[in-house]
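Here is a short report on one protein chain. Look at the structure first, then follow the residues below.

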Amino acid sequence: MAATLCGTLLAKSGWLPLTQCGRVRHMSKSVTRHKRPMHIIKQKLMAVTEYIPPKRLAAGAYPSQNKKVEVESGLVLLLKKEVKTVFQDCKMIAVVQNNASNSEDMLTLRHRLHKHSLTVKFFPNQVMRSFLKDSEFCNMAPLFIGSTVLIVSTQGKVKEMLSTLRGSPQMVLLGACVDGTLLSAQGVQHYSKLPSVSVVQGELVSGLTLLSSRTASLLRHHPARLSALLQQYVGQQGAPAAEPRPQESEGVAAQS
């Protein structure tokens with residue numbers, strides 16, 4: 001009934017039914033502008049100059065503005081004090097790398113070094129680097145990597161140390177500080193070939209004595225020579241004049 005009533009009202013008012021409105025067709029406009037393809041050079045230029053936004057960093061990636069002050073323990077402070085005493089009292093401090101030597105080999109090495117008044121010291125690398133960071137021996141810090149030991153002595157007994165280390169191939173010399181001078185392993189080898197201080201002092205004294213003796217002889221040479229010449233001259237002046245020979249006297253008379 002509702003459909004009949006709707007159809008009667010639409011027919012009287014002159015409206016077209018919905019079915020007829022759906023059949024109306026509209027003319028589509030012709031496309032006259034097509035997008036031209038971009039030139040290959042321009043494509044390359046655009047690709048090169050394309051903006052690449054930076055990657056977003058994760059939270060906490062930036063370093064903290066507040067520096068954490070690490071408080072050293074009492075054991076570390078005690079070890080640093082002992083290291084400072086070693087560097088002040090010892091003239092030779094050698095850094096040796098320990099390549100997996102057992103306790104028996106280490107005990108034998110310490111006994112052989114003790115015969116030459118050489119001592120083996122063990123300090124953690126962290127303590128050594130912490131001490132060397134603010135000292136005048138800061139260039140020795142790179143040597144303390146891995147398992148290392150110190151061979152110290154109050155005297156510069158470099159030859160004795162090298163001869164002892166030859167019997168322990170697992171102990172490798174990395175460097176040393178001798179009389180306040182930092183030396184590499186090769187520098188320690190060259191230092192061991194130098195003569196001792198007593199020998200150098202003896203050579204210096206003998207050289208100075210020889211020069212002084214030559215100077216004294218040169219200074220005495222000219223006065224002695226002059227004295228000899230004067231004595232010869234005085235002797236010639238004091239000698240009697242020689243008598244002329246007979247032949248020479250007759251020749252002189254004939255000429256007269």
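Val152 touches Val86, Cys90, Met92, Ile93, Ser117, Leu118, Thr119 and Lys121, leaving out residues up to four places away in sequence. Touching, or contact, means heavy atoms within 4.5 Å. Val152 sits in strand β3. Strands are DSSP runs of E with at least two residues, helices are runs of H or I with at least four, and both are numbered from the N terminus. Val152 counts as buried because its relative accessibility is 3%. Buried means under 20% relative accessible area, exposed means over 50%, and partly exposed lies in between (1.4 Å probe, protein chains only). One of the contacts of Val152 is Ser117. The two residues are 35 apart along the chain, and their C-alpha atoms are separated by 8.9 Å.

This is a predicted model, where local features need pLDDT of at least 70, side-chain atom pairs count only at pLDDT 80 or more, and totals for chains, interfaces and linings use all residues. Residues are numbered from 1 along each chain as its sequence is written, and side-chain values use heavy atoms, with hydrogens and water left out.

**The whole chain**

How many helices and strands does the chain have? The secondary structure comes to 10 helices and 5 strands. Of the 256 residues in the chain, 20% are buried. The accessible surface comes to about 21,400 Å². Carbon and sulfur atoms hold 59% of that surface. Accessible areas come from the Shrake-Rupley method with a 1.4 Å probe, and for residues only the protein chains shown count as cover. Now take the contacts in the chain with a separation of 6 or more: residues 24 or more positions apart account for 77% of them.

**Strand β1 and the loop after it**

Ala94 lies in strand β1. It counts as buried because its relative accessibility is 0%. Beyond its neighbours within four places in sequence, Ala94 is in contact with Val149, Leu150, Ile151, Met161, Leu173, Gly175 and Ala176. Met161 is 67 residues away from Ala94 along the chain, yet their C-alpha atoms are separated by 9.1 Å.

Ser101 is in the loop between β1 and α5. Is Ser101 buried or exposed? Ser101 counts as buried, because its relative accessibility is 16%. Its side chain makes a polar contact with the side chain of Asn98, at 2.4 Å. A polar contact is a pair of N or O atoms within 3.5 Å; within protein, one must be able to donate a hydrogen and the other to accept it, and residues adjacent in sequence count only if both atoms are side-chain atoms. Ser101 also touches Met106, Gln170 and Met171, not counting residues up to four places away in sequence.

**Positive phi in two loops**

Most residues other than glycine have a negative phi. Ala100 and Asp179 appear below.

| Residue | Phi | Loop | Relative accessibility |
|---|---|---|---|
| Ala100 | about 55° | between β1 (92–98) and α5 (103–114) | 79%, exposed |
| Asp179 | about 55° | between β4 and β5 | 48%, partly exposed |

Ala100 has this positive phi although it is not a glycine. The same wording fits Asp179, which is not a glycine either.

**A loop serine**

Ser135 is found in the loop between α6 (125–132) and β3 (148–153). Its relative accessibility is 19%, so Ser135 counts as buried. The side chain of Ser135 reaches the backbone oxygen of Leu132 at 3.3 Å.

**Two helices**

Which residues are buried in helix α8? In α8 (residues 185–192), they are Gly187, Val188 and Ser192. Seen down the axis of α8, the buried residues fall within an arc of 140°, so they line one face of the helix. The arc is that of the directions from the helix axis to the C-beta atoms. The buried residues of α8 pack against α7 (158–165), β4 (171–178) and β5 (181–184).

Leu208 is in helix α9 (residues 197–238). Leu208 counts as exposed because its relative accessibility is 51%. Together with Leu204 and Leu211, Leu208 makes a nonpolar surface patch of about 310 Å². Patches are made of residues with over 30% relative accessible area and no salt bridge; like charges are joined within 9 Å, and nonpolar side chains (Val, Leu, Ile, Met, Phe, Trp, Tyr) within 5 Å. A salt bridge is a side-chain nitrogen of Lys or Arg within 4 Å of a carboxyl oxygen of Asp or Glu.
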